[in-house]
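Reader: I should be grateful for a close look at one part of this structure. Please concentrate on the disulfide and its surroundings, and set the description within the chain as a whole.

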Amino acid sequence: MPRMEKLGKVLDFCVNHSKLLGYGAVSLLTAGSERIFSVVVFRCPCNSWNLLYGSVFLLVPALILFLLGFLLSTRFWKVFTGCCAGGKVCGCFRRGYIWRYLQVLGIVIAGATVAPFTWIAVALLGGSFYECAASGNSIVQGYMCKSHESKCFEDVLQAPCDGDDTSSPEMKNMLMTLKAQSQVMGWILISFVIILALLSTCISRCRSPVSVLHLAFWKMYLEKERKLFEDKAQEHATKLAERNLNCFFHDTEPESFQTPSIKAWEGISSLFAFNPEKQYYSMIHKYVSSKSKSGSIKSNEGDTFHVCLGFVDGNAETGML
C-alpha cells in the first residue's frame with residue numbers, strides 16, 4: 001500500500017506540473033540532439049564556407065524546431081481550424097476578437113520558442129558552431145587580424161580545424177577567443193530568456209482575476225473534463241459506428257442517434273472568455289449552461305480575456321488532437 005501511495009503522489013506531481021515537465025523534457029531532448037549533431041554530423045570546412053556552414057547549423061535547426069512548435073500546438077490549431085471555411089475571408093479576425101487571437105498567438109509563440117532557444121543556447125555554450133561561423137565573418141577576421149595580413153585571415157579560417165596540441169600558440173589563442181565569445185553570448189541568452197519568462201509570468205499572475213487556489217482547482221477540473229471527454233467521445237463514436245455497421249450488414253433502417261450538431265462542436269471549440277458574473281470553467285461548461293435554442297453559445301456582457309487563463313484553451317478537450 002505505501003508503494004501505491006508513493007506512486008499516486010508521483011502521478012499527481014506529474015499532472016500538476018505537466019507543463020513544466022513538458023518544457024523540461026523538450027529542453028533535454030533538444031540539448032541532447034544538439035550534442036549529437038555537433039559531435040557526429042558537424043564538420044567545419046575551414047574555408048570560405050565557414051560563415052554559411054556554421055550559421056546553418058546554429059540557426060536552421062532552431063527555425064525547424066520553432067515551426068514544429070506551431071504544428072504541435074493545440075492552441076494554434078484551435079484558432080486556425082475553420083477560419084476560412086464556407087468562403088469566409090479573414091474569419092479569424094472577427095471584430096472584438098482580434099486582441100484575443102493576438103494573445104493566443106503570443107502564447108503559442110512563447111511555447112514554440114522553448115526548443116529553439118535551448119538549441120541556440122546549448123550550441124553557443126559548446127562553441128563549435130559559432131567558432132566555425134565567426135571565423136568566416138569579415139568583421140571578426142578584421143578584429144583578430146589587426147595587421148591585415150592575408151596569412152592571418154587564412155589562419156582565422158583554419159582555427160576551428162587546428163585546435164589540437166600541434167597548433168601554434170596564435171592559433172590556440174584565436175580558438176580560445178572564439179569559444180569565449182560563444183559561451184558569453186550563450187549565458188547572456190539564457191539569462192535574458194529566464195528574466196523575460198519571470199517578468200511575463202509575474203505580470204500575467206498579477207493580472208489574474210482569480211486566486212491561486214482557484215487556479216489550482218480550475219486546472220484539476222480541466223484535467224478531469226479532458227479525460228472524461230476522451231472516454232465519452234470514444235464510447236459515443238463506438239456506438240455510432242456499431243449502429244451504422246449493423247445497419248449496413250443487416251440491411252436495416254438506422255435508429256435515431258443523438259449526436260452533437262455542427263454548431264455545438266464549433267461552440268466548444270471557440271476561444272474561452274472569462275466572465276466574473278457567470279463563471280464557467282471551460283467551453284463545454286459554458287455551452288451546456290448558456291446555449292441558445294439554435295444551439296450556439298450566448299455571448300455575455302463582461303466577457304474578458306486573460307493571458308493567465310490561456311491554459312483553458314490548451315488543456316481542455318483539445319487534448320485529443
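Author: The account below begins with the chain, turns to the disulfide, and then takes up the helices and individual residues that help to place it.

The model is a predicted one. Its chain has a secondary structure of 14 helices and 0 strands, so that reading from the N terminus on, one meets the elements α-α-α-α-α-α-α-α-α-α-α-α-α-α. Of the 321 residues in the chain, 32% are buried. Where contacts join residues at least 6 apart in sequence, 69% of them link residues at least 24 apart.

The structure contains 1 disulfide. Its partners are cysteine 44 and cysteine 132, with an S to S distance of 2.1 Å. For a disulfide, the sulfur atoms must lie within 2.5 Å, and this pair therefore qualifies. The torsion about the S-S bond of cysteine 44 and cysteine 132 is about 80°, and the disulfide is therefore right-handed. Cysteine 44 belongs to the loop between α2 (18-41) and α3 (50-71), whereas cysteine 132 belongs to helix α7 (residues 128-135); the pair therefore ties together parts that are 88 residues apart in sequence. Both cysteine 44 and cysteine 132 are buried.

Other cysteines may be set beside this pair. Cysteine 206 takes part in no disulfide; the nearest cysteine sulfur belongs to cysteine 202 and is 8.6 Å away. Cysteine 206 is exposed, its relative accessible area being 67%. Cysteine 308, by contrast, has a relative accessibility of 12% and counts as buried, because the limit for that class is under 20%.

The helix α3, which follows the loop of cysteine 44, also packs against another helix. Two packed helices are described by the angle between their axes and the distance between the axes. For α3 and helix α6 (residues 114-126), the angle is about 160° and the axes are 8 Å apart. An angle over 145 degrees counts as roughly antiparallel, and α3 and α6 are therefore roughly antiparallel to each other. The crossing in which α3 passes α6 is right-handed. On the α3 side, the contact is made by Phe57, Leu58, Leu59, Pro61, Ala62, Leu65 and Phe66. On the α6 side, Ala115, Pro116, Trp119, Ile120, Ala123 and Leu124 take part. By class, the residues of this contact of α3 with α6 comprise 13 nonpolar, no polar and no charged.

Serine 182 adds a further link to this region. Serine 182 is found in helix α10 (residues 169-206), and at 0% relative accessibility this serine counts as buried. Apart from its neighbours within four places in sequence, serine 182 is in contact with Ala123, Leu124, Leu125, Gly127 and Tyr130. Among these, Ala123 and Leu124 also belong to the α6 side of the contact with α3.

Finally, glycine 314 shows a pairing across a long stretch of sequence. Glycine 314 is part of helix α14 (residues 311-315) and is partly exposed, with a relative accessible area of 23%. Glycine 314 and serine 73 are separated by 241 residues in sequence, yet they are 8.1 Å apart in space, C-alpha to C-alpha. Once its neighbours within four places in sequence are left aside, glycine 314 is in contact with Thr74 and Arg75.

How values were computed: Residues are numbered from 1 along each chain as its sequence is written. This is a predicted model: local features need pLDDT of at least 70, side-chain atom pairs count only at pLDDT 80 or more; totals for chains, interfaces and linings use all residues. Side-chain values use heavy atoms; hydrogens and water are left out. Helices (H or I, at least four residues) and strands (E, at least two) are DSSP runs, numbered from the N terminus. Buried means under 20% relative accessible area, exposed over 50%, partly exposed in between (1.4 Å probe, protein chains only). Axes are lines fitted to C-alpha atoms, for helices over the stretch in contact, and angles run from 0 to 180 degrees between N-to-C directions. Angles under 35 degrees count as roughly parallel, over 145 as roughly antiparallel, 65 to 115 as roughly perpendicular and the rest as oblique. A crossing is left-handed if the near helix is turned anticlockwise from the far one by less than a right angle, and right-handed if clockwise. Contact means heavy atoms within 4.5 Å. Ala, Val, Leu, Ile, Met, Phe, Trp, Tyr, Cys and Pro count as nonpolar, Asp, Glu, Lys and Arg as charged, and the others, Gly among them, as polar.
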